[in-house]
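Hi there,

Here is the structure I promised to pass on. My notes on it follow below.

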Amino acid sequence: MTNVWQIPIPDEARTRLLAEVIATKMAAGVMITLRGDLGAGKTTFSRYLIRTVLGDDTAEVPSPTFTLLQTYETPRFPVRHFDLYRIAGADELDELDFDDAEGAALTLVEWPKCAGDRLGSCRLDIMISETDSDDDGARHVAIAATPEAEFRLARIRAAYDFCCERFNAAALADLRLTYLQGDASTRSYARLHGNDGVQILMDMPRLPDGPVIKDGKTYSEIAHLAEDVGPFVAIASALHETGIAVPSVDAYDADRGLAVIEDFGDLTFGAAIAAGVPQAELWHAALDVLLQLRRTPPPAEITVDGVHHTMPVYDAGVMEAEVALLADWYWPHVNGEPIGAARRDELVAVWAPLIAQVATAPNMAATTSWVLR
Ligand code: ADP
Ligand code: MG
């Protein structure tokens with residue numbers, strides 16, 4: 001643990017903001033330890049964090065001082081909140097089932113010293129200090145991560161610093177963050193509830209490239225995945241030109257891998273159908289979007305904020321890589337073992353002529369039409 005992040009905290013609202021940012025980045029198997037004197041704010045921090053994970057601003061989150069452990073069922077994962085101040089020895093930890101061998105829960109630990117060497121390996125260690133003797137709400141927070149949690153802490157820090165730079169002190173005091181379920185991409189999202197409405201904070205870190213899968217290229221290279229925020233912003237602006245509704249990008253920081261985008265709300269087709277909207281209306285609207293896209297071919301080049309992007313072509317290589325996902329991921333998932341070379345070759349051979357046909361068909365030329373995946 002070499003890199004310690006030092007955070008000046010002017011008031012309790014900022015403690016809350018920090019706890020909310022951290023909460024949106026939590027997962028089962030992560031442990032947070034909290035050190036600091038009595039009254040420093042360990043329980044207060046935990047309360048804000050647990051409420052954010054619960055998605056309930058007013059949930060009762062009592063201090064575990066006397067119970068030693070409070071547990072919470074949440075929509076995301078179970079949360080365990082320990083206070084080990086009164087723990088005498090290791091057998092008491094056993095009684096509390098302290099070790100989370102399966103990594104099934106998020107664990108918060110006040111007074112972690114009493115757990116000795118039994119702390120988790122994916123861990124954030126938080127130290128809260130009062131900076132002034134009269135309690136004016138000012139604190140100093142220091143956070144370190146174990147190697148396993150380093151990337152997570154880096155994303156938390158990027159999001160927190162981005163918010164602090166983007167909003168002035170008054171706006172920051174009112175700013176709230178809530179968790180938002182992500183999609184199948186490597187992006188993740190949170191809702192920013194600010195003074196002038198709700199926006200989405202999109203986290204899109206530049207990722208280390210995955211393994212080479214073909215011709216010296218990684219999957220993300222072959223499939224032309226956007227590897228940072230820049231291409232995402234470019235595609236959003238080109239899609240906007242077609243006249244269909246895409247979330248506006250209100251701000252972005254390419255170096256940090258973050259963007260603030262418009263919130264389209266939670267009304268998915270599934271939710272609309274459940275609420276009684278006739279399906280025909282929805283499908284007509286969806287078809288209108290497809291037709292509109294087909295009418296407006298994508299530009300070959302896009303320049304946004306002085307950065308030039310070339311639109312990648314959805315070529316045979318992408319299609320082959322996408323077909324191979326079935327063999328390389330779905331097959332082992334369903335059958336519990338790899339597909340084997342002969343069967344894999346068979347699948348590729350069945351698809352090869354079809355892919356060639358699609359890639360070269362004059363009216364279907366991928367270069368003249370959008371592909372949304
Ligand atoms: P601990 O669990 O560390 O003993 P608590 O969270 O129970 O401490 O108490 C901290 C107290 O300090 C609470 O009354 C809280 O409202 C107050 N407080 C004031 N400013 C802050 C701050 N910036 N962060 C956390 N708590 C603060
Ligand atoms: Mg406490």
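Let me begin at the surface: Phe-269, Ile-273 and Trp-283 form a nonpolar patch of about 270 Å². Patch members have over 30% relative accessible area and no salt bridge, with like charges joined within 9 Å and nonpolar side chains (Val, Leu, Ile, Met, Phe, Trp, Tyr) within 5 Å. A salt bridge here is a side-chain nitrogen of Lys or Arg within 4 Å of a carboxyl oxygen of Asp or Glu. Areas are Shrake-Rupley values with a 1.4 Å probe, and for residues only the protein chains shown count as cover.

This is a predicted model: local features need pLDDT of at least 70, side-chain atom pairs count only at pLDDT 80 or more, and totals for chains, interfaces and linings use all residues. Residues are numbered from 1 along each chain as its sequence is written, chains are lettered from A and ligands numbered from 1 in the order in which they are written, and side-chain values use heavy atoms, leaving out hydrogens and water.

Ile-273 sits in helix H8 (residues 269–274); helices are DSSP runs of H or I with at least four residues, numbered from the N terminus.

Next, the loops: Gly-340 lies between helix H10 (316–335) and helix H11 (341–360). Gly-340 counts as partly exposed because its relative accessibility is 36%, where buried is under 20%, exposed over 50% and partly exposed in between (1.4 Å probe, protein chains only). From Gly-340 to Ala-327 the C-alpha distance is 9.0 Å, at 13 residues apart in sequence.

Happy browsing!

Methods. Helix = DSSP H or I, 4+ residues; strand = E, 2+ residues; numbered from the N terminus.
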